[in-house]
Amino acid sequence: MSNTRDTMYVETRVPLKEVMRVNPTTIEAEATVAKAAAMMCRDEVGSCIVLSGNVPIGIVTEQDMNCKVVAQDLRPSEVRVKDIMSTPLITIDADMTVGEAAHMMISHRVRRLPVVDNGKVTGIVTVRDLLGVANELNEIMSDLIVINREESYTMGVCDRCGKMSDELVSLDSIMLCKECREEEHLR
């Protein structure tokens, strides 16, 4: 139980700065949805942070475009980003951790969090980014488990059969050769 707790502590204490994407795609509130879509395609992202001046005021996502423009049969070149953006913009401070970001995403039901440092957007973190950290840590933990399970061999005399072996392994406090270990498993 304590191992799980320790693992969660390591996993969630990763600084957000380590996983966030820097220089997220931004767009002015007065820009058209067509321009936002073009920028998202260019940057291969699913959202643009909407700015008024340099102040982040909302976010426009592919879902916003699909539900509020395409599904309504509106022209993307005639609709302003400010009219379809999601607000209020939920942001996270750059000094926070992966665990804190995950809790914010869950409590606010969002999949993206712009990262703010001194009032300026410096990055963005997505659910995928957080899952990538979790997967990487899980792979490392799996490797550590395998390493921990590897048997170390010792050279000497088998306690059961008395033969010399360079593959002795301690089993129930006695040193057994390969043949005696196999016999033990068959019992």
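User: OK, so strands here are DSSP runs of E, at least two residues, numbered from the N terminus. Which strand gives the most to the lining of the largest pocket?

Analyst: That's strand 3, which gives three residues to the lining. Keep in mind that this is a predicted model.

User: Noted. What's the volume of the largest pocket?

Analyst: The largest pocket comes out at about 390 Å³.

User: And how many residues line the pocket, and which lie nearest its centre?

Analyst: There are 18 lining residues, and R21, V45, G46, R112 and T126 are the ones nearest the centre of the pocket. The elements giving two or more residues to the lining are strand 1, strand 3 (47–52), strand 7 and helix 6 (127–149).

User: How do the lining residues divide into nonpolar, polar and charged?

Analyst: Seven of the lining residues are nonpolar, five are polar and six are charged.

User: Let's switch to sheets. What's the order of the strands in the open sheet of four?

Analyst: The order is 1-7-6-5, and the pairing is mixed. Strand 1 (21–22) and strand 5 (92–93) are the edge strands, each pairing on one side only.

User: Take strand 5 and strand 6: do they run parallel or antiparallel, and how many bridges join them?

Analyst: Those two run parallel, and two bridges join strand 5 to strand 6, which covers residues 112–117. As an example, I92 has V115 in strand 6 as its bridge partner.

User: Which helix lies across strand 5, strand 6 and strand 7?

Analyst: Helix 5, residues 98–108, lies across those strands, and its direction is at about 130° to strand 6.

User: And the open sheet of three strands, what's its order?

Analyst: That sheet goes 8-9-10, with antiparallel pairing. Strand 8 (154–157) and strand 10 (174–176) are at the edges with a single partner strand each, so one side of each has no neighbour in the sheet. On average, neighbouring strands there are turned by 60° against each other, ignoring direction.

User: How many bridges join strand 8 to strand 9?

Analyst: Three bridges join them, and strand 9 spans residues 164–171. Within this part, T154 stands opposite L168 in strand 9.

User: Which helix packs on that sheet?

Analyst: Helix 7, residues 178–186, packs on the sheet and touches strand 9 and strand 10. The direction of helix 7 makes about 40° with that of strand 9.

User: New topic, helices on helices. At what angle do helix 2 and helix 3 pack?

Analyst: Helix 2 (residues 33–43) and helix 3 (residues 62–70) pack at about 145°, with axes 11 Å apart.

User: Is their crossing left-handed or right-handed?

Analyst: The crossing of helix 2 and helix 3 is left-handed.

User: So which residues meet there?

Analyst: From helix 2, V33, A36, A37 and M40 meet E62, M65 and V69 from helix 3. Six residues of that contact are nonpolar, none is polar and one is charged.

User: Last bit, the backbone. Which residues does the cis peptide bond join?

Analyst: T87 and P88 are joined by a cis peptide bond, with omega about -5°. P88 is in the loop between helix 4 (81–84) and strand 5.

User: What about phi of E44, positive or negative?

Analyst: Phi of E44 is positive, near 55°, in a residue other than glycine. You'll find E44 in the loop between helix 2 and strand 3.

Note on methods
Residues are numbered from 1 along each chain as its sequence is written. This is a predicted model: local features need pLDDT of at least 70, side-chain atom pairs count only at pLDDT 80 or more; totals for chains, interfaces and linings use all residues. Side-chain values use heavy atoms; hydrogens and water are left out. Two strands pair if DSSP finds at least two bridges between them. Contact means heavy atoms within 4.5 Å. Axes are lines fitted to C-alpha atoms, for helices over the stretch in contact, and angles run from 0 to 180 degrees between N-to-C directions. On a 1 Å grid over the protein atoms alone, a cavity is a set of points where a 1.4 Å probe fits but cannot get out, and a pocket is an open set with protein on both sides within 12 Å along at least five of seven lines; lining residues have an atom within 4 Å of a point. Grid points are joined across faces, edges and corners, and a volume is the space filled by probe spheres set on the points. Ala, Val, Leu, Ile, Met, Phe, Trp, Tyr, Cys and Pro count as nonpolar, Asp, Glu, Lys and Arg as charged, and the others, Gly among them, as polar. A crossing is left-handed if the near helix is turned anticlockwise from the far one by less than a right angle, and right-handed if clockwise.
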